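Trainee: Hi, could you walk me through this one? I have it open but haven't looked at it properly yet.

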Amino acid sequence: RWEIDYEAILKALLENGGQYADIFIGGQDKVEKAVAGIDVGAGLRIIHNDKTIYAHTNEVDQKALLELARDLSTTVKGAEPLKVLPLKEKAAFTNVK
């Protein structure tokens with residue numbers, strides 16, 4: 001439905017630091033009073049030092065999401081950037097005692 005490079009968006013979110021980032025995209029087809037439309041939106045979130053920074057938009061395209069991700073990333077400027085693993089790879093988590 002959308003042509004979005006999710007890895008590029010995640011990299012942009014974390015380029016200035018942050019401990020976690022995610023992307024939410026959702027939409028709803030609806031008919032109101034014989035008028036059809038699609039409500040769609042996207043949200044981007046960064047978590048850093050126990051703070052959550054969130055932004056949303058109804059422009060769900062690569063350019064708008066990348067711009068929003070870069071703007072949001074500046075809120076944690078100076079933090080240590082994280083490496084974003086390719087989405088095809090699975091990370092292994094272990095309990096540390």
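**Finding our way around the chain**

Mentor: Sure. Keep in mind that this is a predicted model. One place to begin is Glu-59, which sits in the loop between strand S3 (51-57) and helix H2 (62-73).

Trainee: Is Glu-59 buried or exposed, or partly exposed?

Mentor: Glu-59 is partly exposed, because its relative accessible area is 46%, and the range from 20% to 50% lies between buried and exposed.

Trainee: Which surface patch does Glu-59 help to form?

Mentor: A negative one. Glu-59 forms it together with Asp-61, Glu-67 and Asp-71.

Trainee: Let me step back. How many helices and strands are there in the chain?

Mentor: The chain has two helices and three strands. Going along the sequence, you read the pattern α-β-β-β-α.

Trainee: And what share of the residues counts as buried?

Mentor: 31% of the 97 residues in the chain count as buried. As for the surface, the chain exposes about 7200 Å², and carbon and sulfur atoms supply 51% of that.

Trainee: What about contacts between residues far apart in sequence?

Mentor: Take the contacts with a separation of 6 or more: 53% of them are between residues 24 or more positions apart.

Trainee: Can you give me an example from helix H1?

Mentor: Try Ala-8, which is in helix H1 (residues 6-14). Leaving aside neighbours within four places in sequence, Ala-8 is in contact with Gln-62 and Leu-66.

Trainee: How far is the C-alpha atom of Ala-8 from that of Leu-65?

Mentor: Those two C-alpha atoms are separated by 9.7 Å, with the residues 57 apart along the chain. Tyr-6, also placed in helix H1, has its C-alpha atom 9.4 Å from that of Leu-65, and those residues are 59 apart along the chain.

Trainee: Why do Ala-8 and Tyr-6 count as partly exposed?

Mentor: Ala-8 does because its relative accessible area is 22%, and Tyr-6 because its value is 32%. To count as buried, a residue has to be under 20%.

Trainee: New topic: how many salt bridges does the structure hold?

Mentor: One. The side chains of Arg-45 and Asp-22 meet in it, at 2.6 Å from N to O. The pair links distant parts of the chain, with Arg-45 in strand S2 (residues 35-48) and Asp-22 in strand S1 (residues 20-32), 23 residues apart.

Trainee: Why would two side chains pair like that?

Mentor: In general, side chains of opposite charge can pair when their charged atoms come close.

Trainee: Which of the two is buried, and which is partly exposed?

Mentor: Asp-22 is buried, because its relative accessible area is 11%. Arg-45 counts as partly exposed, because its relative accessibility is 24%.

Trainee: Last thing. Which loop holds Asn-49 and Asp-50?

Mentor: Asn-49 is in the loop between S2 and S3, and Asp-50 is found in that loop too. Look at their backbones: phi is near 50° for Asn-49 and near 65° for Asp-50.

Trainee: Why point those out?

Mentor: Because most residues other than glycine have a negative phi. Asn-49 has a positive value and is not glycine, and that also goes for Asp-50.

Trainee: And how exposed are they?

Mentor: Asp-50 counts as exposed because its relative accessibility is 80%, whereas Asn-49 counts as partly exposed at 49%.

Notes: Residues numbered from 1 in each chain as written. Predicted model: local features only at pLDDT ≥ 70, side-chain atom pairs only at ≥ 80, totals over all residues. Heavy atoms only, no water. Helix = DSSP H or I, 4+ residues; strand = E, 2+ residues; numbered from the N terminus. Buried < 20%, exposed > 50% of the residue type's maximum accessible area, 1.4 Å probe, protein only. Contact = heavy atoms within 4.5 Å. Patch = residues over 30% accessible without salt bridge, like charges linked within 9 Å, V, L, I, M, F, W, Y side chains within 5 Å. Areas by Shrake-Rupley, 256 points an atom, 1.4 Å probe, with all protein chains shown as cover. Salt bridge = Lys/Arg side-chain N within 4 Å of Asp/Glu carboxyl O. Lys, Arg positive; Asp, Glu negative; His and termini not counted. Charge placed at Lys NZ, Arg CZ, Asp CG, Glu CD.
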